[in-house]
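Welcome to a short tour of one protein model. Keep the sequence and the 3D view at hand, and we will walk through the structure together.

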Amino acid sequence: GTFLFDAVAKFTKALTHAAKHNDVKVRILIGNPASRAVKIRGIEEDIDDSLADRCDMTLKRFKDVDPTNIDIRLHDTSLYTSMFRADDTLIANHHLYGSPASDNPCFIVEADQHPDLWVSYEEAFERVWKLGTPT
């Protein structure tokens, strides 16, 4: 999700403001830059440590975020899909073997239009969330 820092001006500030003023809890999972899964994916994509560097950069960008409404965890799982969810809309960016996320498809899933698929993504996120380590 490093594109969010480039595409949204003062992304962390905007996210913190939205979470605080809308009284919502934001949960963010970031690949652990020191994990084997991130290392392997970097090798598979022929970018070596660049993926770990991106994970580390994301952590640094969030270092001053108020944890009251924003909860950040690191995970060590294999990275198959990046998920971005707001309310009842989810964007799923699937990672095809050996190619970076930016070269892969994104699917928009609406909870009311695809309830079974929605639940599958939600359950996958929750499984990884439970395995995650708070930052």
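Let us begin with one cut-off that we will need along the way: a residue is called buried if its relative accessible area is under 20%, exposed if that value is over 50%, and partly exposed in between. Please also keep in mind that this is a predicted model.

**Aromatic rings**

A good place to start is F62, whose relative accessible area is 7%, so F62 is buried. F5 is buried too, because its relative accessible area is 9%. The rings of F5 and F62 have their centres 5.3 Å apart and their planes at 65 degrees, so this pair is edge-to-face. F5 belongs to helix α1, while F62 sits in the loop between α4 (50-61) and β2 (70-75), so the pair ties together parts that are 57 residues apart in sequence. F11 joins these two rings, and F5, F11 and F62 make up one aromatic cluster.

How many aromatic pairs does the structure hold? There are 5. Another one of them is formed by F3 and F84, which meet edge-to-face, with 5.4 Å from centre to centre and 75 degrees between the planes. This pair also links distant parts of the chain: F3 is in helix α1 (residues 3-7) and F84 is in strand β3 (residues 81-86), 81 residues apart.

Are the rings of this second pair buried or partly exposed? F3 has a relative accessibility of 44%, so it counts as partly exposed. F84, at 25%, counts as partly exposed as well.

The four phenylalanines can be set out like this:

| Residue | Relative accessible area | State |
|---|---|---|
| F3 | 44% | partly exposed |
| F5 | 9% | buried |
| F62 | 7% | buried |
| F84 | 25% | partly exposed |

One more ring deserves a look. R27 lies over the face of W129, at 4.9 Å from the ring centre.

**The sheet with β1, β2 and β6**

Now turn to the strands. An open sheet of 3 strands follows the order β1-β2-β6, and its pairing is mixed. β1 (26-31) and β6 (133-134) are the edge strands, each pairing on one side only. β1 and β2 run parallel and are joined by 6 bridges. To find this pairing in the 3D view, look for I30, which stands opposite L74 in β2. Helix α5 (residues 115-131) packs on this sheet and touches β1, β2 and β6, with its direction at about 75 degrees to that of β1.

Following the chain on from β1, you come to S35, in the loop between β1 and α3 (36-44). With a relative accessible area of 5%, S35 is buried. Leaving out residues up to four places away in sequence, S35 touches H75 and D76.

**The sheet with β3, β4 and β5**

Another open sheet of 3 strands has the order β3-β4-β5, with antiparallel pairing. Here the edge strands are β3 and β5 (106-110), and each pairs on one side only. On average, neighbouring strands of this sheet are turned by 20 degrees against each other, direction ignored.

β3 pairs with strand β4 (residues 89-94) in the antiparallel sense over 6 bridges. Which residue of β4 is the bridge partner of T81? The partner is H94. F84, which we met in an aromatic pair with F3, stands opposite I91 in β4. β3 and β4 form a hairpin with 2 residues between them, and D87 in the turn has a positive phi of about 55 degrees. Helix α5 returns here: α5 lies across β3, β4 and β5, running at about 110 degrees to β3.

**Nonpolar cores**

Which residues have the most contacts inside the largest nonpolar core? This core has 18 residues, and the ones with the most contacts inside it are L15, I28, I30, F62 and I70. Two or more residues come from each of α2 (11-21), β1, α4 and β2. The element that gives the most is α4, with 4 residues.

I70 makes a good viewpoint on its surroundings. Apart from neighbours within four places in sequence, I70 is in contact with L15, T16, A19, K25, V26, I28 and V65. A second core, separate from the largest one, has 6 residues, including L90, A92, V109 and A111.

Methods:
Residues numbered from 1 in each chain as written. Predicted model: local features only at pLDDT ≥ 70, side-chain atom pairs only at ≥ 80, totals over all residues. Heavy atoms only, no water. Phe/Tyr/Trp six-rings, centres within 6.5 Å; stacked < 30°, edge-to-face > 60°. Buried < 20%, exposed > 50% of the residue type's maximum accessible area, 1.4 Å probe, protein only. Lys NZ or Arg CZ within 6 Å of the ring centre and 35° of its normal. Pairing = 2+ DSSP bridges. Contact = heavy atoms within 4.5 Å. Axes fitted to C-alpha atoms, helices over the stretch in contact; angles between N-to-C directions. Core = buried A, V, L, I, M, F, W, Y, C linked by side-chain atoms within 4.5 Å.
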